[in-house]
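Got your viewer ready? Load the model in cartoon mode, keep the selection box handy, and follow along stop by stop.

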Amino acid sequence: MRVKLNLTEGIFPMPVLMIGTYNEDGSVNVMNAAWGTMQERGRVALNLTETHKTVKNIKAKGAFTVSIADADHVVEADYFGVESGNNVADKFAKSGLTAEKAEFVDAPVIKEFPICLECEFIEYQDNEYGLGVIGQVVNITADEKVMVDGKIDMSLVNAIAFDPYTHGYYRVSERVGESFKDGLKLK
């Protein structure tokens, strides 16, 4: 028997994405965004309201980074979601993390997060079917410690996912199958 639940975000897992921008004064701003995905190959879609400091920064600079949050930095990642850049001028400084300028866009790379997508701002959408930032990925970098034989090893990334039902974070690290291969057994 199935049990009816209250309406919520409803999809698990949701990625825990760290969106990096520069403030007007050049300081680093990072926000936690669980509502984000690849719209198509090379294009990111982030469901963010225009009230976020991050969205204002993206529009001003024309760029942002998207980093994959990991289990080693869950406290910092959560802090970037519970504290607003509209209320704290330099919330990044409180995190203790470090940043460097992205190679191709005017946005910061947070050095402690294992994977980073550098994005150029394309547009902000706001209509009856959704809202958010659309960006073009122009560069992807990964910390060499998550690489094996020139490829990212997701078990080393130690990525976390957000659970909208209980508001928990979960480690995403165990490989359980081979995409585009296991299903062929049923053909």
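Which residues point one way from strand 6, and which point the other way? Select strand 6, residues 63–68, and show its side chains: A63, T65 and S67 go one way, while F64, V66 and I68 go the other. All of these are buried, meaning under 20% relative accessible area with a 1.4 Å probe and protein chains only as cover (exposed is over 50%, partly exposed is in between). That is six of the six residues, so strand 6 is largely enclosed by the rest of the structure. The back-and-forth is the usual pattern: in a regular strand the side chains alternate between the two faces of the sheet.

A word on what you're looking at. This is a predicted model, where local features need pLDDT of at least 70, side-chain atom pairs count only at pLDDT 80 or more, and totals for chains, interfaces and linings use all residues. Residues are numbered from 1 along each chain as its sequence is written, and side-chain values use heavy atoms, with hydrogens and water left out. Helices (H or I, at least four residues) and strands (E, at least two) are DSSP runs, numbered from the N terminus.

**Next door to strand 6**

Now add strand 9, residues 115–127: five bridges link it to strand 6 in the antiparallel sense. Two strands count as paired if DSSP finds at least two bridges between them. To see individual bridges, pick V66 with its partner L117, then A63 with E120. Next, bring in strand 2, which is antiparallel to strand 6 and joined to it over four bridges; G20 and T65 are bridge partners here.

**The whole sheet**

Zoom out and colour the seven strands of this open sheet in the order 3-2-6-9-10-5-4, with antiparallel pairing. Strand 3 (28–33) and strand 4 (36–40) are the edges, each with a single partner strand, so one side of each has no neighbour in the sheet. From one strand to the next, the twist averages 35°, with axes fitted as lines to C-alpha atoms (for helices, over the stretch in contact) and angles running from 0 to 180 degrees between N-to-C directions.

**Helices on the sheet**

Select helix 1, residues 53–61, which packs on the sheet and touches strands 2, 3, 6, 9 and 10; contact means heavy atoms within 4.5 Å. The direction of helix 1 makes about 50° with that of strand 2. Show K53, T54, V55, N57 and I58, which are buried in helix 1. Just after this helix, click on G62, where phi is positive at about 75°.

Then select helix 2, residues 74–82: it touches strand 2 and strand 3, and its direction makes about 95° with that of strand 3.

**A second sheet**

Look for an open sheet of three strands, ordered 1-13-14 and paired antiparallel. Strand 1 (14–15) and strand 14 (168–172) are the edge strands, pairing on one side only. Strand 1 and strand 13 (residues 159–163) run antiparallel and share two bridges; P15 with A161 is a pair to click on.

**Last stop: everything**

Show the full model, with its four helices and 14 strands. The C-alpha atoms fill a box of roughly 55 × 45 × 30 Å along the principal axes. Buried residues make up 41% of the 187 residues. Among contacts between residues at least 6 apart in sequence, 60% join residues at least 24 apart.
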